[in-house]
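User: I would like to go through this structure in questions and answers, with the reasoning set out before each result.

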Amino acid sequence: MKSVRKRIAVIGGGIAGLAAAVRLRDRFDAGADITVYEQAGSLGGKLRTGDLGGLAVERGAESFLNSGPGGTESAAVALARRLGLGDALVHPAKQPAALAIGGRLTPIPAGTLVGVPGDLSTLDGVALPDAGSDRDTGKPLLAPGEDVAVGALVRSRYGDEVVDRLVDPMLGGVYAGRADQLSLRVTMPQLAQAAETEHTLRDAVRSAQSSSRRVPGSPVFAAVNGGMSRLVSAAATASRARISLGLPVRELSRHGAGWRLVLGPVPAPQVEDVDAVVLAIPAAPAARLLAGLAPEVSPEVVQAVGGLAYASVALAGLALPPGTPLPELSGFLVPPGEGTLVKAATFFTRKWPHLDSPAGPVIVRASLGRAGEEDRLQLDDAALLARAHRELGALAGVELPAPAASWIQRWGGALPQYAPGHADRVVLARSALPPGLALAGAAFDGVGIPVCVASGSQAADEISKFLEES
């Protein structure tokens, strides 16, 4: 008897959704019709490469971790190799980064875990720790499974300055969030695990660091020569999926043993029926679609999915004249207390040697805005660019010439803010979903390309298992 081809919908064309589509194709080969639905006009989500001064410069995520937690290559590197881009992987130069504190650039202390030090003696000139607070009370820092805000734990053990001057800017650079609101278990899972057995924060940091199996001397980060958009297009090609752009999936409902999708405008809807669905979209639209599945999906699950807050940020790209002098750094981070709109800067052509040439432009990329600062981004592009240019010069201690080319990239509601308990809420939601429906992406498992790739792949495996057993 001839087998029936499986019909699978991947809702969301970011890297998590594309990774899911690639894994599904690998699992089913020609035995499945896979469609990726992306409401925007292009694939990639937060991965977007643009031209600046004749160079390929990222307008979203610029790199990914080279290694995974176990010391093997990260999920992003594995995907790049699967897509034939292994030879295109490039790594940053070994340039230090700094903190902009009090009008000067101070090197980021070595040996921290996302800004949390395991050796307080390295903090000279950065922060004055309250070393006497990190006492052994005879019990672990956290109970099994307990989650707290990063800031709450670090403040209680090291004092305010370590959080405000070191941990906050490090987390701000990744999440655009504040340490006092972000979940330890999501943002620093190794530290959370170590805190369940260690009695001091110093020992927990050291334990988490020792458990990392990264090969000494190996690059921490990687990128794709030519830009992240190459990763996006290669994944779309390898998935051999039908790509639907520009039509949001407005409704999801049960249809027989599968699912019915309603797309497009209300006056002229399109209806498509599928056997399984991967939801790889942000929290709010995912919750809206799940709400349409009541009573099969409970209000508690909808709330667990949809209760995630997001931060808005903007990126400013500047192509400065060749030879523009900059500090000998890869870039810098700015603590919130400095009051600037710029929260981080990358000296892009210095950081990435494959883009650097004496006759080429000097590219600087600045990240603007943090959670709760959305009103500060309400400037037009010209004013925002002028603000970024002025603050960059002041923070770097140099007089920057006018850029020969520039752009502003806005990412409204782009970065999830994982409050304590987020991981438990996701476990609740996933455990209560009907079979044939899976969640993937940054809304659920964390930011960063490797995490999103792994999330999409895991969702694809869940769907594959369901379809193979049904």
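Analyst: Before we begin, one cut-off is needed: a residue is called buried under 20% relative accessible area, exposed over 50%, and partly exposed in between. Please also keep in mind that this is a predicted model.

User: Is Val220 buried, partly exposed or exposed, given its relative accessible area?

Analyst: Val220 lies in the loop between helix 7 (201-211) and strand 11 (221-224). Its relative accessible area is 35%, and since buried means under 20% and exposed over 50%, Val220 is partly exposed.

User: Which residues make the nonpolar surface patch of about 230 Å²?

Analyst: Val220, which has a relative accessible area of 35%, is one of the residues in this patch. The residues that make the patch of about 230 Å² are Leu65, Val220 and Phe221.

User: How far apart are the closest N and O atoms in the salt bridge of Arg23 with Asp461?

Analyst: Side chains of opposite charge can pair when their charged atoms come close. Arg23 forms a salt bridge with Asp461, and the pair links distant parts of the chain, with Arg23 in helix 1 (residues 15-28) and Asp461 in helix 15 (residues 449-469), 438 residues apart. Arg23 counts as partly exposed at 29% relative accessibility, and Asp461 is partly exposed at 21%. The closest N and O atoms of the two are apart by 2.8 Å.

User: Are the partners in the salt bridge of Arg157 with Asp134 buried or exposed?

Analyst: The closest N and O atoms of Arg157 and Asp134 are 3.1 Å apart, and the pair joins helix 3 (residues 150-158), where Arg157 sits, to the loop between strand 10 (116-117) and helix 3, where Asp134 sits, 23 residues apart. The relative accessibility is 11% for Arg157 and 14% for Asp134. Because buried means under 20%, Arg157 counts as buried, and Asp134 likewise counts as buried.

User: Which residues are joined into one network by salt bridges that share partners?

Analyst: The side chains of Asp164 and Arg155 meet in a salt bridge at 2.9 Å, N to O, with Asp164 partly exposed at 30% and Arg155 partly exposed at 22%. Salt bridges that share partners join into one network Arg23, Arg27, Asp461 and Glu468.

User: Which strands stand at the edges of the open sheet with the order 12-2-1-16-22?

Analyst: The sheet is formed by 5 strands with parallel pairing, and its twist averages 15° from one strand to the next. Within the sheet, strand 1 (residues 6-11) is joined to strand 16 (residues 276-279) by 4 bridges, and the bridge partner of Ile11 in strand 16 is Leu279. Each edge strand has a single partner strand, so one side of each is left without a neighbour in the sheet. The edge strands are strand 12 (242-245) and strand 22 (437-439).

User: Which residue takes a positive phi in the hairpin of strand 3 and strand 4?

Analyst: Strand 3 and strand 4 (residues 55-58) pair in the antiparallel sense over 4 bridges, and the bridge partner of Thr49 in strand 4 is Glu58. Strand 3 (residues 49-52) has a covered face with Gly50 and Leu52, and an uncovered face with Thr49 and Asp51. The hairpin has 2 residues between the strands, and the residue with a positive phi near 65° is Gly53.

Terms used:
Residues numbered from 1 in each chain as written. Predicted model: local features only at pLDDT ≥ 70, side-chain atom pairs only at ≥ 80, totals over all residues. Heavy atoms only, no water. Salt bridge = Lys/Arg side-chain N within 4 Å of Asp/Glu carboxyl O. Buried < 20%, exposed > 50% of the residue type's maximum accessible area, 1.4 Å probe, protein only. Pairing = 2+ DSSP bridges. Axes fitted to C-alpha atoms, helices over the stretch in contact; angles between N-to-C directions. Patch = residues over 30% accessible without salt bridge, like charges linked within 9 Å, V, L, I, M, F, W, Y side chains within 5 Å. Areas by Shrake-Rupley, 256 points an atom, 1.4 Å probe, with all protein chains shown as cover.
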